[in-house]
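Okay, everyone, thanks for coming. Let me put the sequence and the model up, and then I'll walk you through two topics.

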Amino acid sequence: MKIGCPTEIKPQEFRVGMTPDAAREAVNHGHQVLIQKDAGMGSGFSDEDYTTAGAHIIATAEEIFATADMIVKVKEPQAVERKMLRPDQLLFTYLHLAPDPEQTHDLLESGCTAIAYETVTDDRGGLPLLAPMSEVAGRLAPQVGAWTLQKANGGRGVLMGGVPGVAPAKVVVIGGGVVGTHAAKIAAGMGADVTVLDRSLNRLKYLDDVFGRDFKNQYSTAGATLDLVRQADMVIGAVLIPGAAAPKLISRAQLSEMKPGAAIVDVAIDQGGCFETSKATTHGDPIYNVDGVMHYCVANMPGAVARTSTIALGNATMPFMLALADKGWRQACSDDPHLLNGLNVHAGQLTYYAVGKALGIDVVSPSLAVKQ
Ligand SMILES: NC(=O)c1ccc[n+]([C@@H]2O[C@H](COP(=O)([O-])OP(=O)(O)OC[C@H]3O[C@@H](n4cnc5c(N)ncnc54)[C@H](O)[C@@H]3O)[C@@H](O)[C@H]2O)c1
């Protein structure tokens, strides 16, 4: 198969769909890998890294879209890229179609087959191609929160780990899923006094069994949340209710009860955020002040550490990418129901029910589409 990997063109996107290691694996499986010139630069991979791995460097995205059987990307195809997609071409990338009727329409019209990273599943009911980015954002949250807490940035001037004789920062993590667990691990590793809140007793039991000595956990009621948030130096928002906007757990009025200069890192901002005062910010201008409380609300946190994010994503996508290339998408999806769950579009038909429901478009069963 000819596998093409164009440069990402969405603003502020520095990741790349294939690492040199992924390219090497594909070449070892007998495939031809076409990488757009400088596609890996934002993640610290040179064209030479790819040619050493056996890939071919191609000057333009147009040439890649014109010749590749499968396109491997990171972000959803932008309008100019969608125009270049061909019938019988396979697209493997994040799509997030439900809130994006324009993209959905263009993909249907292109006739391509599109498998979305975010809907591929695993045996434990998780989303294995979404989890790496939650891991990155979770581990990054205490790091950016610690920076936000510094006096020069408007913070309280509290050091995460304290020093002998001085108490550490109090960190509260709301939501103990993938983001929250990774955030709590890093905050505890920095020496902070950490408490994780969650609504799932099973999740709390897991956190207690595995991390009971590293950080505390508490059931998330409105009262317990407010109590802990009042005492906190840093609050990390990490809740998710699948398919819904994040619940607003701290109101504007309650914000004034927080310590002056406390830091909020609202990772859940991509679902609207769990503080009433949260609004999305960018890496260029990440923090703002409301009532003396510093807010960090960057919606694409993994972009700050593009190299780590690219490698983490590449590790997760590689086995699926190889299966698709080795067997073709029909056989690969027939063999693996989790990959089949990733099928969103095929030959002008929508094949993912939640997207159909959100956009009012008829859906063809993915298991039927595979046989067409
Ligand atoms: N800003 C970014 O760059 C970025 C990057 C990755 C993920 N995210 C977002 O971070 C959020 C968390 O993602 P995740 O992968 O950890 O999800 P997850 O499903 O693994 O975890 C969410 C947790 O929230 C808990 N929860 C739900 N309601 C709650 C409540 N009222 N109080 C306390 N806990 C509650 C759930 O029980 C679950 O354990 C999502 O909105 C995700 O989109 C943002």
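So, how do the residues of the shell around the ligand divide into nonpolar, polar and charged? They divide into 16 nonpolar, eight polar and three charged, where Ala, Val, Leu, Ile, Met, Phe, Trp, Tyr, Cys and Pro count as nonpolar, Asp, Glu, Lys and Arg as charged, and the others, Gly among them, as polar.

Quick housekeeping: this is a predicted model, so local features need pLDDT of at least 70 and side-chain atom pairs pLDDT 80 or more, while totals for chains, interfaces and linings use all residues. Residues are numbered from 1 along each chain as its sequence is written, and side-chain values use heavy atoms, with hydrogens and water left out.

Back to the ligand. It is surrounded by 27 residues (a heavy atom within 4 Å counts as near), and Ser134 and Asp270 are among the closest. Now the polar contacts, meaning pairs of N or O atoms within 3.5 Å. A ligand nitrogen sits 3.0 Å from a polar backbone atom of Val267, and for Val298 the distance from a ligand nitrogen to such an atom is 3.2 Å.

Which element gives the largest share of the shell? That's α6, with three residues (helices are DSSP runs of H or I, at least four residues, and strands are runs of E, at least two, numbered from the N terminus).

Last, the sheet. Seven strands form an open, mixed sheet, in the order β9-β8-β7-β10-β11-β13-β12; two strands pair if DSSP finds at least two bridges between them. Its edge strands are β9 and β12. Inside it, β10 and β11 pair in the parallel sense over four bridges, and Val235 stands opposite Ile264 in β11.

Notes: Polar contact = N/O pair within 3.5 Å; in protein donor to acceptor, adjacent residues only side chain to side chain.
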